[in-house]
Amino acid sequence: MMLKKENILLVDDDLNILELLQRHLQSMDYHTYKAVSVKEALYVLKDTFIDLLITDIQMPEVDGLQLLKFTDEHYPEIPKLVITGYPSVDGALEVIKSGATDYLTKPFTKEELKQAVHKAFEHGKSRKAVKSKTGTANKSGHNEMIGESEAFHKITDVIERVKDNKATVLVKGESGTGKELVARAIHYSGKFSRAPFVAVNCGAIPENLLEAELFGYVKGAFTGANENRTGFFQAAEGGTLFLDEIGAAPLTVQTKLLRALQEREITKVGARKSEKVDIRIIAATNADLLTDIKENRFREDLYYRLTVVEIEVPPLRDRKTDIPLLVDKFILKYGVEYKDRLLKISPDALTVLKRYNWPGNIRELENVVQRAVIMSDGIINIKDLPEALKFQIDFPENDFKPLREMEKEYVQRVLLHTQGNKTKAAEILQIDRKTLREKLK
């Protein structure tokens, strides 16, 4: 059996160094990807399974340290090796603190590079082994799940239990809660991570095409079928097929899905013979499938086939302790992408985000932070947030306050918004300055 080459991402603004690294590593039978900037590296990381990152530190705009921090945050399983022409004790400490395995000083020999790469891979293996034994890993190198709430840890506990088998999983939760991230975490943190992960939105494909897209078709099966085509089931062979919005699948497709789950075989549209498939199915829904069953919109037998393991992803309003971590993640992501630097958020702005109930869940939070990064001048303040969030007053259940206390809190928030300008605050509150002064006393 032919072993798969490891993928190494090389990041340096010096093309000569990039070509030298590429020649050496390819002669060692590694597969390489090149990037001349941090931004370019982020696109590669997003779209490619990377086994090792090798980066320079001194680069224009965004430097290598910020890339290390970003990679350690979003892809912690990827070992990182730094190549630098400016060695120092302080610099070496900062590199290691940023998540790098080791650093190599320019100029270096091919043998020194070989030993450093081997050491980085060994370090990556031992790190994975430790996390696997302790169960402390809460995200893999190819998903962006993050959190510390009890609800979050319940999800990661189930992920740990199912990641290395092919039990069928149903992920339930509101739109925007991160159901696909859960599916990706199951796939990429387990032993099948090198196999394909294929995501299909059943609600986005027209009903008359969904069967052909899922199972494939043979030439002449219908008008426009000019050639044999492989479906998503066969594209995911050996790996995971993620069926999002499973409740949107028509009953005719549900019948074929049931057979595929029971028999582990599919029949292409227009074909006479069935074909075996070896895949894991993870389905997701934001609908109430039990109600759909009662109203004959979803097959009961398929429902029980899908729910070998169920994962309920809670809405963001039920895991508000995770908001600061999520905000930091999105600030890091969009700060590097839009501002070429790391940004911060003021305590007052973070308080506003924690009080909001987030009907659009994590997706809405990410959009708000993305906008705030664009609007900010370095530190995200209340003024950078959407108007709908600025003056929201949250009323937690069984935590009602006296009117006087609520008025005090609201006046303080208005003053924060006007940055202490009492004239503007009085205009917003529609009271005169004298009344405002009395209230402040």
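In the predicted model, Leu9 stands opposite Leu53 of strand 3. Strand 1 spans residues 7-11 and strand 3 spans residues 52-56. The two strands pair in the parallel sense, over 4 bridges.

This pairing belongs to an open sheet of 5 strands. The strand order is 2-1-3-4-5, and the pairing is parallel. Strand 2 (31-35) and strand 5 (102-105) stand at the edges. Each has a single partner strand, so one side of each is left without a neighbour in the sheet. On average, neighbouring strands are turned by 20° against each other, direction ignored.

Helices pack on this sheet. Helix 1 (residues 15-27) touches strand 1, strand 2, strand 3 and strand 4 (80-84). The direction of helix 1 makes about 170° with that of strand 2. Helix 3 (residues 64-74) also packs on the sheet, where it touches strand 1, strand 3 and strand 4. The direction of helix 3 makes about 160° with that of strand 3.

A further contact joins two helices. Two packed helices are described by the angle between their axes and the distance between the axes. For helix 6 (residues 150-162) and helix 7 (residues 179-188), the axes come within 9 Å. They cross at roughly 40°, and the crossing is right-handed. Helix 6 contributes Ile155, Ile159 and Val162 to the contact. These residues meet Val182, Ala185 and Ile186 of helix 7. By class, the residues of this contact divide into 6 nonpolar, no polar and no charged.

Conventions: Residues are numbered from 1 along each chain as its sequence is written. This is a predicted model: local features need pLDDT of at least 70, side-chain atom pairs count only at pLDDT 80 or more; totals for chains, interfaces and linings use all residues. Side-chain values use heavy atoms; hydrogens and water are left out. Axes are lines fitted to C-alpha atoms, for helices over the stretch in contact, and angles run from 0 to 180 degrees between N-to-C directions. A crossing is left-handed if the near helix is turned anticlockwise from the far one by less than a right angle, and right-handed if clockwise. Contact means heavy atoms within 4.5 Å. Ala, Val, Leu, Ile, Met, Phe, Trp, Tyr, Cys and Pro count as nonpolar, Asp, Glu, Lys and Arg as charged, and the others, Gly among them, as polar. Two strands pair if DSSP finds at least two bridges between them.
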